[in-house]
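Here is a short walk through the model, from its overall layout to its ligand site. Keep the 3D view open and turn it as you read.

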Amino acid sequence: MLEELKKRARKKFEFLSTSPLYTEELAFKISRKLNCGNVLALVGELGTGKTTFVRGLVKGLGMGKERMVKSPTFTLFSIYPASKTIYHFDLYRIDEEDFIDIGGLEYLQTQEGIVVLEWAEKVKLLLPMNTILIEFFHSEFSLRDTQKRKIVIYTPYQWEDEHFSF
Ligand SMILES: Nc1ncnc2c1ncn2[C@@H]1O[C@H](COP(=O)(O)OP(=O)(O)OP(=O)(O)O)[C@@H](O)[C@H]1O
Ligand SMILES: [Mg+2]
């Protein structure tokens with residue numbers, strides 16, 4: 001299913017993030033492209049920057065420091081009342097069945113906000129075809145204690161490249 005999203009993507013963007021700030025700023029820029037009804041599937045190992053990315057999205061959509069995005073493990077689901085509401089799921093500790101039990105399917109269909117899923121591969125069979133897939137990797141060339149991350153975005157939407165100039 002994730003492969004299907006890749007095949008269907010109209011655009012693929014690749015970034016080498018050099019710091020948490022870079023990852024946040026990338027998300028900040030992407031947030032401007034998002035519309036209600038969009039679903040973002042964040043996929044990547046522990047500590048690759050998924051939550052950091054969500055923090056950038058939330059800031060980009062106009063919610064400041066008053067409610068910081070928390071690290072996932074403790075919070076399964078948060079709603080951020082930004083200019084467009086963000087529904088943030090962290091699926092690390094749950095499976096597809098749990099996700100359905102907490103109303104996940106309804107959220108995946110909502111037109112009232114943007115849905116962001118960490119560990120989205122856990123619900124890969126449920127993802128809508130217009131899901132924006134974002135993969136996070138530790139840099140292949142360096143040890144884990146460095147700040148390098150590769151971020152690859154597959155979007156079914158026609159986003160322009162110039163939007164992402166740094
Ligand atoms: N380029 C980078 N982008 C994002 N985070 C980075 C980067 N370099 C270092 N970090 C650090 O890596 C950690 C990323 O943590 P974060 O919680 O965002 O990861 P995650 O993918 O959500 O992990 P988890 O799977 O546990 O939810 C943070 O401590 C952050 O400071
Ligand atoms: Mg996380």
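## Overall layout

The protein contains 5 helices and 7 strands. Following the sequence, they come in the pattern α-β-α-β-α-β-β-α-α-β-β-β. What you see is a predicted model, so a word on confidence helps. The mean pLDDT is 90, and 88% of the residues reach 70 or more. Confidence is highest in β2, at 98, and lowest in β3, at a mean of 91.

Of the 166 residues, 36% are buried. Among contacts with a separation of 6 or more, 72% are between residues 24 or more positions apart.

## The sheet

In what order do the strands of the open sheet lie? The 7 strands run β1-β7-β6-β2-β5-β4-β3, with mixed pairing. At the edges stand β1 (residues 11-17) and β3 (77-80); each has a single partner strand, so one side of each lacks a neighbour in the sheet. On average, neighbouring strands are turned by 15 degrees against each other, direction ignored.

Start at the β3 edge and move inwards. β3 and β4 (residues 85-90) run antiparallel and are joined by 4 bridges; here S78 stands opposite H88 of β4. Next, β4 runs parallel to β5, with 6 bridges between them, and Y87 has V115 in β5 as its bridge partner. β5 then pairs with β2, again in the parallel sense, over 4 bridges. In that pairing, L42 has E118 of β5 as its bridge partner.

β5 deserves a second look: 6 of its 6 residues are buried, so this strand is largely enclosed by the rest of the structure. As you inspect any of these strands, remember that in a regular strand the side chains alternate between the two faces of the sheet.

## Helices against the sheet

Two helices are worth picking out here. α2 lies across β1 and β7 (149-155), and runs at about 155 degrees to β1. α3 also packs on the sheet, where it touches β2 (39-44), β3, β4, β5 (113-118) and β6 (132-138). The direction of α3 makes about 165 degrees with that of β5.

Is α3 mostly covered or uncovered? It is mostly covered, with 11 of its 11 residues buried. The buried residues include the charged-looking names you might pause over, K50, R55 and K59, along with F53, V54, L57 and V58. Their cover includes α2 as well as β2, β3, β4, β5 and β6. Just after the helix, G62 takes a positive phi of about 90 degrees.

## Around ligand 1

How many residues surround ligand 1? There are 19, and the closest are G49, K50, T51, T52 and Q147. Two elements give two or more residues to this shell: α2 (20-31) and α3 (50-60). By class, the shell has 11 polar, 5 nonpolar and 3 charged residues.

This brings the two helices back into view. α3 contributes to the ligand shell and also packs on the sheet. K50, T51 and T52 are among the residues closest to the ligand, and these three are also buried residues of α3. α2, for its part, gives residues to the shell, lies across β1 and β7, and is part of what covers the buried residues of α3.

Methods:
Residues are numbered from 1 along each chain as its sequence is written. Chains are lettered from A and ligands numbered from 1 in the order in which they are written. This is a predicted model: local features need pLDDT of at least 70, side-chain atom pairs count only at pLDDT 80 or more; totals for chains, interfaces and linings use all residues. A residue is near a molecule or strand if its C-beta atom, placed from the backbone, lies within 6 Å of it. Ala, Val, Leu, Ile, Met, Phe, Trp, Tyr, Cys and Pro count as nonpolar, Asp, Glu, Lys and Arg as charged, and the others, Gly among them, as polar. Two strands pair if DSSP finds at least two bridges between them. Axes are lines fitted to C-alpha atoms, for helices over the stretch in contact, and angles run from 0 to 180 degrees between N-to-C directions. Two residues are in contact if their C-beta atoms, placed from the backbone, lie within 7 Å. A residue is buried if 20 or more other C-beta atoms lie within 10 Å of its own, exposed if 12 or fewer, and partly exposed in between; C-beta atoms are placed from the backbone. pLDDT is the predictor's confidence in each residue, from 0 to 100.
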